[in-house]
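The following exchange introduces a structure to a reader who has not met it before. Each answer sets a value against the criterion that gives it meaning.

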Amino acid sequence: MQELANTQPAPHNYEEQHLMSKMTVAGVQIDTRHFIGGQRVASTETFPDHSPVDGSLLGHISSGGDAEVDAAVTAARAAFPAWSATPPAQRAAILHRIADLVEERLEDLAIVETMDNGALLRSHRRGVMPRVAHNFRFFADYLINDLHHEPFETRGHTNVVSWDPSGVCALITPWNAPLMLATWKIAPALASGDTVILKPAEWTPLTASLLCDIVAEAGLPDGVFNVVQGYGENAGAALVAHPGISRISFTGSVPTAVLVAKAAAANLTPCSFELGGKSPTIIFDDADIDLAVELAAEQYDNAGQVCLAGTRLLVQEGVAEEFLQKFEARVSRIKQGDPRDEATDMGPNIHPEHVARVDGFVQRARAAGGTIVFGGHRVSDDNLFYEPTLIMPATAGDEIVCEEVFGPVLTMQTFATDDDAIAMANGTRFGLAACIAVGDRNRAERITSQLVAGTIWVNCFFVRDLRAPFGGSRKSGVGREGGTWSFDFYSDVKNTVFSPNGWKEGA
Ligand code: NAD
C-alpha cells in the first residue's frame, strides 16, 4: 500500500472523505474505492457514474492508473504463494461461501446492477445473480470432482497431467453483464489457485465493489482478489501492460482487444479474448414458425446489448412473408419501460454515447437505401430508450449487415437454398454464435457442421452449461473458457513422466 500514499487525496475534513468513499444506491451502501490487498484504497482522481434508468448521478468512483495497478499487482503477488498452496478442498469451500453470500445479498446485487446498467431487475433476480452464485459453485465443484486427465503410458513410462496455479490474473470486463461476466472469470481463476485483479467497465463499476465486501466476509485471504476501478485507457492499459501478470482474460470489443494483445505481447502474457459478434439467426422453411418468431424476438433481449445476439435474421424465401407478419406483431408487444418494473421487457441502453452510436448505424443504413421495416428512432431525446428496429439492408455488404451495433437493431435478408444460407451466415469476419430454426434433424446436422461459430443453438437460444466450451471463432475471440478449458487457460498445465526404472527397493 506504500506506493499509494502519494495518490491519496488530502480531504478537507472527515465528512468530505466520507462522501468520497461511499455512495448509496436504492438503499444499498457501496464503497467507491479500489480494493487492494484487502483494504479500501482511494485515488485522487474520480469518475462519475450515472444511471441509465433515470440519468441520475449515482456517485463518484476512484479512478486508478499506474500506481493503483502496481499496488494491486504487488498485493496479488504477495498473496499468491499461500493461496496457490491452499488445498483445493479449502479453496473450493471458500468459493462456496462466496456463493452463499451472493445468494444472501441477491436483492442488493440485482437492484444495484439494474440501476448501474439498466438491464431488467427481473432478469437480475431470476437469471443473472443466481448464475453469479453458480459460477462460484460450478468451478469449486469442478476443481474437486472433474478436473482430471487419465494417466497414460509411453514405453512403460507413466504421464501424469496436472493443473498448477499460474500467478496473477488480470481480468477486464464490459458493461453489458458486469458481475456475471466478471465472476465467470474470477471463479475459475481462484479455483485454479491464482490471485486476481479485476478492472470493471467504467460505465458499470458498482457490483464489483459489492463483491469485494462479499469475498472479505467469505474469508478469502487479503490480496487474493483485488479490484482497480477506472478508465480503460488508464487502469485497463496499465494492468494489461504490467510484467507481473501471468494471464489476461478480456471480454469486450475487437478494437480494444487489439490494444490489449499489443500490450500483452511485450511480456508474452497469455490472453483469452471473448469479443463481439454479428451472429445469424437462420429460419428454414420447415421450421416451426411460431418458435422461430420467439427465437428472433429474443435477439432484442437486454436492449440488444448481448454479444451472442443473432442480429442477422436470414429467412428462407417461402416462409419470409409469414415470418415477417408474425414477427412484427410479436415485437409490437415488447414493452419498453422502467427496468425495475416486472412488466417491462426492454429497458434503456447503457449510455448517451452508446445510444447515439446505435442511432448512427440506423441512420446510415437508412441513408444507404435500407428499408426500416419498424422502429428506427430513439424513443425520446430525454432518455436512453431505442425502438426495437428491423432493417432490410440495401445490399449484403452494407455496414448494418457487417458491423456489430450492440443495440436493439436486427437486419433481415432472405435466401433460396441451404447453401445460400450457409454462405450468408459465414460471410462475416465474426464467428461467435448462430441460432437456427429448422424442422429436420438431418438437415440441422448438415447445416451446423458447416457453420463457423463458437456456439450454435438449434431451435433454442441462450441455453448455457458451464461445462461447455465458450468463445468465438475468427474475430469473435481467441481461445475457449468453460469447464476444463477454463482451468487450461488459468493454470500452468504440466506433464510429469514417471520412469519404470531407478526406484529403490520397496519405495
Ligand atoms: P470495450 O472493449 O470498450 O471495453 C471492455 C473493457 O476494456 C472495459 O472494462 C474497458 O474499460 C476496458 N478497456 C478499454 N480500453 C482498454 C485498454 N486500452 N486496455 C485495457 N483495457 C481497456 O467493450 P464494451 O463496450 O465495454 O463492451 C461491449 C463489447 O463487448 C461488444 O463488442 C460485445 O460484443 C463484447 N462482449 C463480448 C462477450 C463475449 O463473451 N464474447 C460478452 C459481452 C460483451
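Q: Which residue of β18 does Thr389 stand opposite?
A: In this predicted model, Thr389 stands opposite Val409 in β18.

Q: What makes β17 and strand β18 a pair?
A: Two strands pair if at least two bridges are found between them. β17 and β18 (residues 409-415) have three bridges, so the criterion is met. Their pairing is in the parallel sense.

Q: How do you know that β16 and β17 pair, and in which sense do they run?
A: Strand β16 (residues 371-374) is joined to strand β17 (residues 389-392) by three bridges, where at least two are required. The two strands therefore count as a pair, and they run antiparallel. Thr371 stands opposite Met392 in β17.

Q: In what order do the seven strands of the open sheet follow one another, and what is the pairing called?
A: The order is β16-β17-β18-β15-β14-β19-β20, and the pairing is mixed. Within this sheet, β16 and β17 run antiparallel, whereas β17 and β18 pair in the parallel sense.

Q: Why do β16 and β20 stand at the edges?
A: Each of them has a single partner strand, so one side of β16 and one side of β20 (455-458) are left without a neighbour in the sheet. From one strand to the next, the twist averages 25 degrees.

Q: What makes strand β14 and strand β19 a pair?
A: Three bridges link β14 (residues 280-283) and β19 (residues 433-437) in the parallel sense. Since pairing asks for at least two bridges, these strands therefore qualify. Ile283 stands opposite Ala437 in β19.

Q: Which strands does helix α12 lie across, and which does helix α14 touch?
A: Helix α12 (residues 352-367) lies across β16, β17 and β18, and runs at about 30 degrees to β17. Helix α14 (residues 418-426) packs on the sheet and touches β14, β15 (312-316) and β18. The direction of α14 makes about 175 degrees with that of β15.

Q: Which strands are called the edge strands of the sheet β7-β8-β22?
A: This open sheet has three strands and antiparallel pairing. Its edge strands are β7 (152-154) and β22 (491-498), each of which pairs on one side only. Neighbouring strands are turned by 35 degrees against each other on average, direction ignored.

Q: How many bridges do β8 and β22 share, and what packs on their sheet?
A: Strand β8 (residues 157-165) and β22 pair over eight bridges in the antiparallel sense; the bridge partner of Thr158 is Phe498 in β22. Helix α16 (residues 483-490) packs on the sheet, touching β8 and β22, and its direction makes about 90 degrees with that of β22.

Q: What makes Thr173 a polar contact of the ligand?
A: A polar contact is a pair of N or O atoms within 3.5 Å. A backbone N or O atom of Thr173 lies 2.8 Å from an oxygen atom of the ligand, so the pair qualifies. A polar backbone atom of Gly232 is 3.3 Å from an oxygen atom of the ligand, and one of Ala237 is 3.4 Å from a nitrogen atom of the ligand.

Q: How much of the ligand does the protein bury?
A: Taken alone, the ligand exposes 850 Å², and the protein buries 88% of that.

Notes. Residues numbered from 1 in each chain as written. Predicted model: local features only at pLDDT ≥ 70, side-chain atom pairs only at ≥ 80, totals over all residues. Heavy atoms only, no water. Helix = DSSP H or I, 4+ residues; strand = E, 2+ residues; numbered from the N terminus. Axes fitted to C-alpha atoms, helices over the stretch in contact; angles between N-to-C directions. Contact = heavy atoms within 4.5 Å. Polar contact = N/O pair within 3.5 Å; in protein donor to acceptor, adjacent residues only side chain to side chain. Areas by Shrake-Rupley, 256 points an atom, 1.4 Å probe, with all protein chains shown as cover.
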